Amino acid sequence: MEMYSSHINKLIEELAALPGIGNKSAQRLAFHLINLPQEKVKRLADTMVEAKANVRYCKECYTLTDREICPVCANQNRNHRVIMVVENTRDLAAYEKTGRYEGVYHVLHGAISPMLGIGPGEIKLKELIARLKDDVDEVIIATNSSLEGETTAMYISKMIKPTGIKVTRIASGVPVGGDLEYIDEVTLLRALEGRVEM
Ligand code: ZN
């Protein structure tokens with residue numbers, strides 16, 4: 001005998017498949033949603049569908065944006081000759097929040113992970129190399145200090161070195177395995193200012 005209706009089971013299953021949501025949270029969320037007024041549920045569902053339909057990659061830096069070119073890349077006051085490489089759009093947002101970084105970004109959408117079977121071809125690396133044809137003075141590698149982040153940093157450094165472009169790595173003030181988005185702004189700025197050439 002099924003404990004809940006099959007619709008609720010299906011909802012719990014879908015919610016539990018989201019990152020960071022275990023079975024218990026999924027059940028709690030499912031019952032919360034069922035108890036909401038119809039129009040609230042519809043608004044949430046519509047918001048998800050609209051976000052998915054309208055958000056795309058910036059043509060230059062590959063961050064998620066509503067426009068063809070994101071606001072950072074479109075800003076002519078930013079220094080387009082300095083590119084900071086981050087793993088995801090959340091990391092970009094963390095650096096933007098400091099309000100002190102004047103260059104542009106490149107969002108990889110992941111990191112190399114032999115364990116998870118994620119190779120260089122699975123992240124936006126080709127796209128980074130393509131950007132180096134323009135005038136670039138420095139590439140700052142700001143991937144996380146996890147094993148995957150370090151592996152990715154080494155890979156990028158080796159790839160860029162032959163071009164003669166300066167490659168730097170943010171300082172190790174960032175806690176090992178720490179997601180950049182959870183680190184406070186002072187620590188981020190210190191890591192950026194203390195970056196060293198690779
Ligand atoms: Zn952009």
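This short report looks at a helix pair and a few loop residues in a predicted model.

Let's start with the helices. Helix α5 spans residues 89–98 and helix α8 spans residues 185–193; their axes come within 9 Å and cross at roughly 95 degrees. Angles of 65 to 115 degrees count as roughly perpendicular, so α5 is roughly perpendicular to α8. On the α5 side, A94, Y95, K97 and T98 make the contact, and they meet E185, L188, L189 and L192 of α8. Sorted by class, this contact has 5 nonpolar, 1 polar and 2 charged residues.

Next comes T63, which sits in the loop between β1 (56–57) and β2 (64–65). Is T63 buried or exposed? T63 is buried, because its relative accessible area is 4% and the cut-off for buried is under 20%. Its side chain makes a polar contact with the side chain of T89, at 3.0 Å. Leaving aside residues up to four places away in sequence, T63 touches R56, Y57, C58, C70, T89, L92, V107 and H109.

Two loop residues deserve a look for their backbone angles. Most residues other than glycine have a negative phi, but the two in this table have positive values.

| Residue | Phi | Loop |
|---|---|---|
| Y62 | about 70 degrees | between β1 and β2 |
| H109 | near 60 degrees | between β4 (103–107) and α6 (125–131) |

H109 also appears among the residues that T63 touches. With a relative accessible area of 25%, H109 is partly exposed, whereas T63 is buried.

Note on methods:
Residues are numbered from 1 along each chain as its sequence is written. This is a predicted model: local features need pLDDT of at least 70, side-chain atom pairs count only at pLDDT 80 or more; totals for chains, interfaces and linings use all residues. Side-chain values use heavy atoms; hydrogens and water are left out. Axes are lines fitted to C-alpha atoms, for helices over the stretch in contact, and angles run from 0 to 180 degrees between N-to-C directions. Helices (H or I, at least four residues) and strands (E, at least two) are DSSP runs, numbered from the N terminus. Angles under 35 degrees count as roughly parallel, over 145 as roughly antiparallel, 65 to 115 as roughly perpendicular and the rest as oblique. Contact means heavy atoms within 4.5 Å. Ala, Val, Leu, Ile, Met, Phe, Trp, Tyr, Cys and Pro count as nonpolar, Asp, Glu, Lys and Arg as charged, and the others, Gly among them, as polar. Buried means under 20% relative accessible area, exposed over 50%, partly exposed in between (1.4 Å probe, protein chains only). A polar contact is a pair of N or O atoms within 3.5 Å; within protein, one must be able to donate a hydrogen and the other to accept it, and residues adjacent in sequence count only if both atoms are side-chain atoms.
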